[in-house]
Amino acid sequence: MLMLTPEQVQLADSARGLLDERAPVSQFRRLRDARDAVGFDRDLWRTMADMGWAGVLVAEPYGGVDFGFVGAGLLCEQMARRLVASPFLSTAVVAATALRWGGSSAQKSRWLPAIAAGEAIVALAVDEGRKHDPAATALTAIPGGNGYRLAGEKVLVIDGHVADAFVVAVRTAGRPGDLDGLTLFLIESGSPGLNVDRTVVVDSRNVARLRFGNVPVDGAAVLGEVDRGANLLEVILNAGSVGVAAELLGVTAEAFERTIAFLKERHQFGRPIGSFQALQHRAAHLYCEIEMLRSAVLAACQALDADPWTAGPLASMAKAKAAAVARLSVSEALQMHGGMGMTDDVDIGLFMKRARAGAELYGDANFHADRVARHRGF
Amino acid sequence: MQSLEAFRNEVRIWLEANCPAEMRLPTRGEEDICWGGRRWVFQSDAQRLWLTRMVERGWTVPTWPKEFGGGGLAHEEEKVLREEMGRIGARLPLESFGISMLGPALLRFGNDAQKRDYLPPIARGEIRWCQGYSEPNAGSDLASLQTRAVDHGDHFLVSGQKVWTSYADKADWIFCLVRSDADAPKHRGISFIMIDMTSPGVSTRPIQLISGKSPFCATFFDDVRVPKQNLVGEINKGWDVAKYLLTHERESIGLGPTALGKRSLVDEAVRAIGRGADGRLADPFLRADIARTEVDAWALALTVDRFRSEAEFGHGLGARSAVLKYCGTELNKRCYELMMVAAGISGLEWEDAHSKDGALAREWLRSKGNTIEGGTSEVMLNIIAKTILGLPGA
């Protein structure tokens, strides 16, 4: 059934309650304006971990609550509505998926309980160029010593500046453009030759650039299979794409609801501007699009729960739809807020920035529409 | 109630034994649909047999009470029946506006005699109904309709004109909105009545559409005598019946067959345009347009699922039917535009055996009416803005 269970509704409600109290958008503004070195509230993250959120996708034997992707998606949506800065997406969604489906028992034992407890932050390093394109991976592993030496660069590493470890997509064979020949490594921060630079990006999300100057790694650091990491990477990116799609749903819905409220209270020409049909029809169209997106995200989360290895087409559909609807939603929100929307005092601009960055993260609408097309055989 | 799984098993066995092989082939178009009615000519023995057998089970209208020719199924059971029919590709034994529109309205607003007299012939496919709502001067502003019903004691005299009456020339009866009180505010002077199309003074004229076909008629009433027992619900309260029925109509348009159900946009495009060396559709711009359309079509199909799941069993979708009607019909038009682009020059054929007399071009043109009939897209957006978003009136 394409609907939430009572337990899932309850999770969303409790998230709303906690976040309204502890993490309104003003909290995100404070972190941004203070150029906070950590970039999120560690106490809040501990509280989230205590509530089981950090271990939402971690199996019970490793200390998680194993609530599934539908639950994880609801948390992504609720956090995005308030632009909550937290390592939830990078660690609880993406890294937890990487370890669950690719980790050796030693890697799982080392990292999953720490993730579930909110003690470890693990970040995915995949992108290198202007656009998301895993096949283009050029960061190279050169055999040497007991293992490899890694050389190259990664960008847009979410929470990279505070990560305790990285899941890194590396080329061990073939050439850029091939999906064969990729290997994932799990590398601890502080490895010799690894430089981490925090990057300030448009939406003030916590992001870093990594430089690998012949970083030595041994065979035990491999996550999954050597040269055949593409399948595991796809599962990880399916989870990441759906997580971002759920975030974009949150951004979209929040910007929309604030706009509807504004249309009702803002008066011009002696009446509320929401009484003008020119705006009503645009708002109603947007409402429909958001309903479509909500269905897409829920279906993609359910598909990941059913089988993350085959969820690719639905994950891509959801991400493609999310990027498109989010762009429409924040554009309309800004336009309908008029001059107020252009000011930094009003939050609409923050949602617009997050929607742009989210559209790019783990593949934009075109990237994912292409995947849907290939899945459909054209 | 027996368990759903036992019911599923029973349905599966019964369908296997009773659904003729021919009735499991995909419908090729309008000509394969069984509409029923006094003048109905079955296209095949299989079509007749399938209807007869389904009527015996009451499964032409599975959720109607048995006393009115229905199957008396709970909504969970109906879902099972639909799933099992879908599994073997069984066609609907009967489609009609009696089933999708009048029936639900009578079940809710009709009196006992009306239910007893009118519902079973609908269930058995004996009487074909059409809908008399729109008028030349009452389209989106439906409540301004002017067809008059004047009280003459035991009957009304009805005069006026309806337009866009689908299949009026083939229907046996028509359900109509008429003005029964010319002085009341417009929504409060309307009544809902049923008229036998053979009554003296009723005439129809087909309307030729841009597709060259004439599924619609103009219907004229010239002092037509209508017995008072044909009034459904209370006098001057027909607008309540009309609104209820419109929700059903929107739902069935929104949930109904689309271009993507009838034709595969991807298949048509690949056949017409071919593939490049990388296996992708050779026209990259068309490919991108189709890919985005596929994403939207998928999201819409999921939304239909979700709305159905979230609606309590037995309840309609309410204002959400406007969302599906708007999105479904707009998407359908988009699909046909892309199919015409894919078909290119061959899509322009109009009278040619190999294009089946321009079937695609005619469907493309017909699809343009989707966002007008049953409430325009603009009216749907009005409903969403006011009912769901609570935006103030102008």
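# A guided tour of a predicted two-chain model

Begin with chain A, which has 11 helices and 10 strands. Its radius of gyration is 21 Å, close to the 21 Å that the globule rule gives for 378 residues, so chain A is as compact as a globular protein of that length. The model is predicted, and every value in this tour should be read accordingly.

**Chain A as a whole**

With chain A still selected, orient the view along the principal axes: the C-alpha atoms fill a box of roughly 80 × 50 × 40 Å. Colouring by burial will mark 54% of the 378 residues in chain A as buried. A contact map is also instructive here. Among contacts in chain A between residues at least 6 apart in sequence, 74% join residues at least 24 apart.

**The nonpolar cores**

In soluble globular proteins, nonpolar side chains tend to be buried together. Select A:Val167, A:Val297 and A:Ala300, the residues with the most contacts inside the largest nonpolar core, which has 175 residues. Which element should be displayed next, as the one that gives this core its largest share? Helix H7 of chain A, residues 230-265, supplies that share with 19 residues.

Centre the view on A:Val297 and leave out residues up to four places away in sequence. The residues that A:Val297 then touches are A:Gly73, A:Ala245, A:Ala246, A:Leu249, A:Ala318 and A:Ala322. Apart from the largest core lies another, of 65 residues, and to find it one may select B:Leu51, B:Leu81, B:Leu177 and B:Leu245, which are among its members.

**A helix pair within chain A**

Two packed helices are described by the angle between their axes and the distance between the axes. Select helix H4 (residues 68-81) and helix H5 (residues 88-102) of chain A, whose axes come within 11 Å and cross at roughly 170 degrees. An angle over 145 degrees counts as roughly antiparallel, and H4(A) is therefore roughly antiparallel to H5(A). To display the contact, show A:Ala72, A:Leu75, A:Cys76 and A:Met79 on H4(A), together with A:Phe88, A:Leu89, A:Ala92 and A:Val93 on H5(A). By class, this contact has eight nonpolar, no polar and no charged residues.

**Helix H11 of chain A and its surroundings**

Move to helix H11 of chain A, residues 365-375, and add helix H9 of chain B, residues 284-310. These two helices pack at an angle of about 85 degrees, with their axes 9 Å apart, which means that H11(A) is roughly perpendicular to H9(B). On H11(A) the contact is made by A:Ala369, A:Asp370, A:Val372 and A:Ala373. On H9(B) the residues to show are B:Arg287, B:Ala288, B:Ala291, B:Arg292, B:Glu294 and B:Val295. The contact of H11(A) with H9(B) has six nonpolar, no polar and four charged residues.

Which residues of H11(A) are buried? They are A:Ala365, A:His368, A:Ala369, A:Arg371, A:Val372 and A:Ala373. What covers these buried residues includes helix H9 (312-336) and helix H10 (348-360) of chain A, together with H9 of chain B. Just after H11(A), select A:Gly377, where phi is positive at about 85 degrees.

**The interface between the chains**

Widen the selection to both chains: 33 residues of chain B are in contact with 35 residues of chain A. On the side of chain B that touches chain A, the elements giving two or more residues are helix H8 (265-273), H9, helix H10 (320-343) and helix H12 (377-388) of chain B. H9(B) contributes the largest share, 15 residues. Coloured by class, this side of chain B divides into 22 nonpolar, three polar and eight charged residues.

**Individual residues in chain B**

Most residues other than glycine have a negative phi, and most peptide bonds are trans. Two residues of chain B merit inspection in this respect. Select B:Trp164, with a positive phi near 65 degrees, in strand S3 (residues 155-166) of chain B. B:Trp164 is buried, with 22 other C-beta atoms within 10 Å. Next select B:Asn236, whose phi is also positive, at about 70 degrees. B:Asn236 lies in the loop between strand S8 (231-232) and helix H6 (238-255) of chain B, and is partly exposed, with 15 other C-beta atoms within 10 Å.

The tour ends at B:Ser367, in helix H11 (residues 359-367) of chain B. Is B:Ser367 buried or exposed? B:Ser367 counts as buried, because 20 C-beta neighbours lie inside 10 Å. Finally, add B:Glu330, which is 37 residues apart from B:Ser367 along the chain, with 9.2 Å separating their C-alpha atoms.

Technical notes:
Residues numbered from 1 in each chain as written. Chains lettered and ligands numbered in written order. Axes fitted to C-alpha atoms, helices over the stretch in contact; angles between N-to-C directions. Helix = DSSP H or I, 4+ residues; strand = E, 2+ residues; numbered from the N terminus. Parallel < 35°, antiparallel > 145°, perpendicular 65-115°, else oblique. Contact = placed C-beta atoms within 7 Å. Nonpolar A, V, L, I, M, F, W, Y, C, P; charged D, E, K, R; others polar. Buried ≥ 20, exposed ≤ 12 C-beta atoms within 10 Å, placed from the backbone. Rg over C-alpha atoms; globule rule 2.2 N^0.38 Å. Core = buried A, V, L, I, M, F, W, Y, C linked by C-beta atoms within 7 Å.
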